[in-house]
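Dear colleague,

I am passing on the structure we talked about, with the sequence alongside. Please look through it first, and then read the notes below beside it.

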Amino acid sequence: MIQNWLGIDRAGLRKILRGLLNRDWLLVSGKRSLTQDLNGSSEDARDQWIKDLVPGKSFVDVGGLWGTVNEKVTVAAKVGAASTTMLDITSLGRPLWQAFYERCASLGVSGCQSICANIDEPGLEKKVGQFDVVHCSGVLYHCPNPLHTLTQLARISRKYLILTSTVIPSTVSNSKGTITVPPGAALFVPYLPQDQVAILKEHWERGGVSSVIGITEQPSTWRIEDYAPWWWLFPVTTVRQLIMTVGFDVLEDCPCWEGKAHSFLARKRE
Ligand SMILES: C[S@@+](CC[C@H](N)C(=O)[O-])C[C@H]1O[C@@H](n2cnc3c(N)ncnc32)[C@H](O)[C@@H]1O
């Protein structure tokens, strides 16, 4: 980790400066999460965290496969990770793995370990071991038992967790009505009353998200082993509480996906 003469690492320095400046000034909207770096370049804040933390460290991306381009294995490899691993529930040999391998090859990245596993499965840490830095984006709200999932992420993390989840405002208000989510609460999506689903549907569709299993379309039955639906909708503060509860301190956080998601950099409490 890069440290300056004050003994503050880059992540710490950015946090102090963001506190001094209006942090909205640092945020730039775009297709993906963008943060104006201190040196003036625009990039995904998580990439900067990875640049700061990952050189010489082991790195795993949990649930990085879908969509291919949001994976962070190649970012970690390019900044000098000691080892990289992709862990995803998708069976090895499925086209998503092939697309990932092709992306790695096109970016000159090799040597990534591939693991097919369910983050929630018992004994995961014995099967896969621990990693210095665990990255997990776009998974938490797909998990029926998010506190268990975060506990599993903590079990396989030796030190850092970079977590991104979709989030909702604590008050969602539109032509269909208003939902208020008090501090510490979250919305459990299965079998929500129709009028509440209508408010959420309008919220996500206005945000340009038109296909959300559980909200814009309903599964025929909700099955606890099904990770395709959105099971939970969290305000930012509740995600922070969950991360803290499984033994991490949140070092930095920032909105991404134009505020529809939020990223956290967290370090295991000693
Ligand atoms: C919505 S995609 C997120 C992809 C990418 N990380 C991103 O942020 O855009 C969810 C990914 O997590 C994987 N996944 C879903 N449930 C999982 C689980 N229980 N354990 C491991 N991976 C899971 C899916 O196969 C998929 O690749």
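**A covered helix, and the chain around it**

Helix α2, made up of residues 45-53, is mostly covered, since seven of its nine residues are buried. The buried residues of α2 are A45, R46, Q48, W49, I50, D52 and L53. Please keep in mind throughout that this is a predicted model.

As for the chain as a whole, its secondary structure comes to eight helices and 14 strands, and 34% of its 270 residues count as buried. If one takes the contacts in the chain with a separation of 6 or more, 65% of them are accounted for by residues 24 or more positions apart.

**Two helices that cross**

Two packed helices are described by the angle between their axes and the distance between the axes. For helix α6 (residues 146-156) and helix α8 (residues 236-245), the axes come within 9 Å and cross at roughly 50°. An angle of 65 to 115 degrees would count as roughly perpendicular and one under 35 degrees as roughly parallel, and α6 and α8 are therefore oblique to each other. Their crossing is right-handed. On the α6 side the contact is made by P146, L147 and L150, and on the α8 side by L242, I243 and T245; of these residues, five are nonpolar, one is polar and none is charged.

After α8 the chain passes through a loop to β13, and G247 is located in that loop. G247 counts as partly exposed because it has 17 C-beta neighbours inside 10 Å, whereas 20 or more would make a residue buried. Setting aside its neighbours within four places in sequence, G247 is in contact with A154, K268 and R269. The C-alpha atoms of G247 and E270 are separated by 8.8 Å, and these two residues are 23 residues apart along the chain.

**The loop between β13 and β14**

The loop between β13 (248-256) and β14 (261-268) holds E258, and W257 lies in this loop as well. Is W257 buried or exposed? W257 is buried, because 21 other C-beta atoms lie within 10 Å, while E258 counts as partly exposed because it has 15 C-beta neighbours inside 10 Å. The C-alpha atom of E258 is separated by 8.7 Å from that of G207, although the two residues are 51 residues apart along the chain.

The backbone of this loop also deserves a careful look. Most residues other than glycine have a negative phi. W257, a residue other than glycine, has a positive phi near 50°.

**A second positive phi**

T68 is not a glycine either, and its phi is positive, at about 65°. T68 is placed in the loop between β4 (58-62) and α3 (73-78), where it counts as partly exposed because it has 13 C-beta neighbours inside 10 Å.

**Around the ligand**

Which residues are closest to the ligand? Of the 18 residues that surround the ligand, the closest are G63, W66, N70, S137 and G138. By residue class, the shell around the ligand divides into seven nonpolar, nine polar and two charged residues.

With best wishes

Methods:
Residues are numbered from 1 along each chain as its sequence is written. This is a predicted model: local features need pLDDT of at least 70, side-chain atom pairs count only at pLDDT 80 or more; totals for chains, interfaces and linings use all residues. Helices (H or I, at least four residues) and strands (E, at least two) are DSSP runs, numbered from the N terminus. A residue is buried if 20 or more other C-beta atoms lie within 10 Å of its own, exposed if 12 or fewer, and partly exposed in between; C-beta atoms are placed from the backbone. A residue is near a molecule or strand if its C-beta atom, placed from the backbone, lies within 6 Å of it. Ala, Val, Leu, Ile, Met, Phe, Trp, Tyr, Cys and Pro count as nonpolar, Asp, Glu, Lys and Arg as charged, and the others, Gly among them, as polar. Axes are lines fitted to C-alpha atoms, for helices over the stretch in contact, and angles run from 0 to 180 degrees between N-to-C directions. Angles under 35 degrees count as roughly parallel, over 145 as roughly antiparallel, 65 to 115 as roughly perpendicular and the rest as oblique. A crossing is left-handed if the near helix is turned anticlockwise from the far one by less than a right angle, and right-handed if clockwise. Two residues are in contact if their C-beta atoms, placed from the backbone, lie within 7 Å.
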